[in-house]
Amino acid sequence: PFFFFPFPATSTTVRQRPMHNGWSVPLGVHKVICSAPGLRVTTQVHRRSIPVKVKRSEAAGNIGDSSESQQLQGQQQQQHKMQKELIIPPGSYVEVLETQVHGERVRGRICWEVEEEVPDQQPTKKKKNGIKMRTSRLLQRTSRKKNREKSIQATCVKVERYEGWISLQWAKSDDEKDDINEIEEQSGEGVLRGGSSFEDRVTDDDSGPWTEPVPLGVYRINFGGGLPLRETPERDSTVLGKLDRGRCVEVVQTQVKGDRVRARVIVPDLLSPEDERGSSSGGASGKSLGGNTVKYTSGWISLLNALTGSSGASPVPLGAYVVVAEPGCVITEGGRLDSKVKGTLVPGSCMEVVATRMEEGVVRGLIASGGHVTLFVPPGSHRQGDVNRTSADGGRMFAMPVPLGTYQIIQNGLNVTTGISSSSSIVMKLPLNAAAEIVETRVEDGRVRGRVCAVVNEDGSKVVGYDRASSSHSATSEIATGWIHLFEPNQRWAKIICFKGGRPVGGGGRPSRRNSENKNRAAAC
């Protein structure tokens, strides 16, 4: 099933815009995505409160060989520049421990670790007085090298832990922000606060969001060699097993450990009655399912590298989905497969998935309209004990995600609105055959809507958008942004021509069977 719409890699994953209210902002690891220089950390929830101070990492310079006056001046300068404000740079990963709404912003209490060099406090032994012995020049050079190495090793690295508050996103929705004055500068690099220095620049006054959470939910292991499952968040803890490529797990918690984002996952293991009697694993929990027992193993994996952003697992995408299974998707009130049936979505229906989970080895999705549906059954899932699904359903897709990428406008004068709602203000109209880059999908009244980040005309010229900060909408901005209609079950406004990551729908040269299937799937959407 992943041949049609593969899960996006971490390098090309597009963030899902949060719901813009405090209770829906998840805790755990967030990535800072604001403009330079970064987010200022304050001691209190108020964004104008006293900033958190840290020691400067750079040294004041070697003053051992200078005169006494120069040494005194250097010590005074070093004391003056000993501390600086803690600013989290873009691209960093922080752990959010608590969220509050303050000053129309969602503020998060974070934990941040900084490595600092401190002098070694171990007492040095005094040299014993003895008879001076003649040594060769070679031994003298060797002793000098050893003394130099000892002086270098006299400092040790200590990890300091800081806590404070940063701005995560606006507490108002996009449509509500259209009714108030926008204070975002066209440069998108923030507003100066008081001074003109680099550190006086405010980066939480633009449209936001300023951080994106590392999503929880179902992930698929995509690292070729698999990932080790460990007992604790520490990377040197006991190995419980190995998760092979293609395995689906549910991420329920994230933490930052050094240069890695660690995730606690729940791994479902289906054991036959014979395996269950022979298994003596005390760390696993399970429940009976017909003739079989579903065992759940909990452990920790390295979700991504905080320095490079590379990941060994990719999340099941959220956003708009289209029902593809016959006779449709059953909506249940709860997440369990045996929950009370709420309704049924016929093939071709559009729905918006806001969260994913694993239930009895099946990937389930929470939809925006309420209820849970089955998205797909991972390959290798065999459930003979369930009378509602046979083992042949392993790898079956019940709903397909609407792909991100480049869409071609097939209806002239397509409206671009400021918010997800089609009734929000119109900023521009797209011409026929224009190409729009879609980075997010949502569903409104059964219609799939896409968020545009760039538009190119048929002749290759760039389409500019209106300045949303201007009340007259007379000025233009550098790029066209907003929301457009994509399709609904009986009508289409745009068609996909290139998937996210640059892979064309039809492929170049001789079309392959895989590309043909992708094109047919896109046409069906």
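Which residue forms a salt bridge with Asp338, and how far apart are the closest N and O atoms? In this model, which I should say at once is predicted, the partner of Asp338 is Arg336, and the closest N and O atoms are 3.0 Å apart. Asp338 counts as exposed, at 53% relative accessibility, while Arg336 is partly exposed, with a relative accessible area of 35%.

Let me set beside that pair another one, in which Glu359 forms a salt bridge with Arg357, again with 3.0 Å between the closest N and O atoms. Here Glu359 is buried, at 5% relative accessibility, and Arg357 is partly exposed, at 32%.

A further pair is made by the side chains of Arg451 and Glu440, which meet in a salt bridge at 2.8 Å, N to O. Arg451 lies in strand S31 and Glu440 in strand S30, so this pair ties together parts that are eleven residues apart in sequence. Both Arg451 and Glu440 are buried. Salt bridges that share partners also join Arg47, Arg105, Asp204 and Asp205 into one network, and a search of the whole structure finds 19 salt bridges.

Turning to the fold, the protein has five helices and 34 strands, and 42% of its 525 residues are buried. Take strand S12, residues 217-221, where five of the five residues are buried. S12 runs antiparallel to strand S15, joined by four bridges, and Gly217 has Val251 as its bridge partner there. S12 is also antiparallel to strand S19, through three bridges, with Arg220 standing opposite Ser314.

Definitions and conventions:
Residues numbered from 1 in each chain as written. Predicted model: local features only at pLDDT ≥ 70, side-chain atom pairs only at ≥ 80, totals over all residues. Heavy atoms only, no water. Helix = DSSP H or I, 4+ residues; strand = E, 2+ residues; numbered from the N terminus. Buried < 20%, exposed > 50% of the residue type's maximum accessible area, 1.4 Å probe, protein only. Pairing = 2+ DSSP bridges. Salt bridge = Lys/Arg side-chain N within 4 Å of Asp/Glu carboxyl O.
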